[in-house]
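Here are some short exercises to work through at your own pace. Try each task on the model before you read its solution.

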Amino acid sequence: MTGSTPQQDLDQPHDLVGVGIGPFNLSLAALAHGVPGGLAATFYEQRPAFHWHPGLLLDGATLQVPFLADLVTLADPASPWSFLNYLKSRERLFPFYFAEKFHIQRAEYDAYCRWVSERLPGLRFGHQVDSVRWNPERRLFEVDFTQVDPEGEAEALGRAYTRNVVLGVGTEPYVPEPLRPLADAPGVPVLHSADYLAHRESLLRAGHVTVIGSGQSGAEIFLDLLRARPAGAERIHWLARTEAFSPMEYSKLGLEHFTPDYTRYFHALPEPVRGELMPRQWQLHKGIDADTIAAIHDELYRRTLHGGWPDAVLTPGVRVRTAGRVATTQVELHLEHVQQSTRSRLTTDAVVLATGYRERPVDRMLAGLDPYLRHDSAGRARIDERYRLVLDPSVTGSVYVQNAERHTHGVGAPDLGLAAWRSAVILNSVTGKESYPLPRRTAFTTFGLDAREAPSIPAQDRKLTPLVQQ
């Protein structure tokens with residue numbers, strides 16, 4: 001819903017104000033709409049409408065989570081905002097039933113979320129939140145915002161008061177330092193994968209294209225370019241820092257790292273242990289879907305059927321040291337192979353950076369809360385088990401975060417499969433009651449040992465094995 005903010009938004013304190021409307025805050029808004037007894041909640045988003053990674057909605061690209069990981073189902077299967085209800089409203093339930101698809105296309109997930117965003121009350125698009133402060137006299141948070149037009153120009157200023165705030169501002173594309181000057185320069189053919197579809201036609205016309213990044217986005221873009229370019233004249237390089245183009249961990253027990261059970265286990269670990277563990281878990285969320293790897297190999301193999309090899313180079317274990325322009329239209333990449341300790345140069349006509357995303361900084365927005373914030377030894381915000389920023393006890397309200405807590409809650413923080421559960425945890429905390437009953441156990445794996453439950457062996461039953469002199 002875009003337009004003027006109702007007067008009651010300004011005069012009456014809210015129970016909850018959301019900053020940002022991506023999938024996670026949209027999930028929270030959908031479940032908040034169903035809280036028994038009602039909840040005064042408003043969500044602000046600076047964009048004019050909902051869109052989810054529009055630059056990566058490639059034909060045939062699917063979600064890496066099942067359709068049950070929609071906005072609400074894993075917390076409230078009877079919600080009117082479920083994916084199945086969306087299909088019903090579009091008279092597509094039977095076609096979906098016969099399609100027998102457990103993983104839906106990304107474009108369909110985007111369409112589903114837009115369907116929810118266009119019908120759910122309490123969403124204010126075209127509203128940019130500028131700051132969040134604690135007002136000790138009112139014992140409320142002040143949320144200052146600017147109403148903007150579709151071009152982003154300011155139209156009006158406003159302020160809302162709320163007992164609780166939830167930050168769901170999402171992530172932003174990450175560009176490695178050596179390539180940042182080129183990506184920021186106008187007219188230079190270096191772009192992030194987030195903008196791929198908008199530039200796809202010009203990339204197909206480019207003489208040579210280099211894709212950098214070993215994750216799912218890099219694989220999908222490499223495959224899309226490979227399929228669209230002529231056999232024998234593909235002229236594509238695919239480079240990655242990882243030691244291999246590795247599949248994502250997708251075994252059933254491996255997936256239990258994306259359960260509430262593992263989230264609770266991870267949060268309870270000491271901070272240094274969490275810090276050491278996170279880099280080692282990259283294959284749980286940064287690998288490539290096995291079907292995509294197979295499709296790439298099949299396409300490359302198909303191009304050898306009549307003799308010769310495709311003009312495509314796939315090289316892992318490579319980092320970009322520096323980069324620069326050659327003449328006015330080309331880019332020169334200075335590469336280093338980490339294991340070989342060798343260096344080379346690659347001249348290319350275009351570069352697509354499938355280098356992932358980083359949490360969008362909120363320091364400026366939360367500057368007014370800085371005196372109340374508590375940080376860990378690395379200077380990061382401390383976040384409790386219920387997704388609340390740890391604030392000074394004098395602040396009686398709560399600030400919740402969504403997809404900004406990987407350092408405290410683990411690999412499941414950005415995963416869509418935990419969206420509804422996390423939203424339910426937050427709403428149960430906001431309402432102070434079990435508005436959404438949640439399961440006590442969600443995984444067959446028992447993460448860690450509980451000393452209180454460890455079986456003890458009676459002393460009289462213990463048998464010692466004698467040591468033998470060697």
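The exercises below cover confidence, domains, a hairpin, a pocket and a cavity.

The model is predicted, so local features need pLDDT of at least 70 and side-chain atom pairs count only at pLDDT 80 or more, while totals for chains, interfaces and linings use all residues. Residues are numbered from 1 along each chain as its sequence is written, and side-chain values use heavy atoms, with hydrogens and water left out.

**Exercise 1.** Find where pLDDT, the predictor's confidence in each residue from 0 to 100, stays under 50.

Solution. Start with the whole chain: the average pLDDT is 92, and 93% of the residues score at least 70. Then turn to residues 1-9, where pLDDT stays under 50. Where the score is low, the predicted coordinates should not be read in detail.

**Exercise 2.** Work out how the chain is divided into domains.

Solution. Take the bounds from an automatic or database domain assignment. Domain 1 covers 14-170 + 360-431, and domain 2 covers 173-248 + 286-357. Their C-alpha centres are 33 Å apart. The contact (heavy atoms within 4.5 Å) takes 9 residues from domain 1 and 12 from domain 2.

**Exercise 3.** Describe how β5 and β6 pair.

Solution. Strands here are DSSP E runs of at least two residues, helices are H or I runs of at least four, and both are numbered from the N terminus. Two strands pair if DSSP finds at least two bridges between them. β5 (residues 140-148) and β6 (residues 154-162) are antiparallel, with 8 bridges. One step further, T146 has L157 of β6 as its bridge partner. Between the strands of this hairpin are 5 residues, and G152 takes a positive phi near 90°.

**Exercise 4.** Characterise the second largest pocket and its lining.

Solution. On a 1 Å grid over the protein atoms alone, a pocket is an open set of points with protein on both sides within 12 Å along at least five of seven lines; a cavity is a set where a 1.4 Å probe fits but cannot get out; lining residues have an atom within 4 Å of a point. This pocket has a volume of about 510 Å³, the space filled by probe spheres set on the points, which are joined across faces, edges and corners. Of its 20 lining residues, G60, A61, T62, E220 and T292 lie nearest the centre. α8 gives the most, with 5 residues. Each domain supplies at least three.

**Exercise 5.** Locate the largest cavity by its lining.

Solution. The structure holds 1 cavity of 30 Å³ or more. The largest cavity has a volume of about 40 Å³. Its lining includes T263, Y387, E405 and H409.
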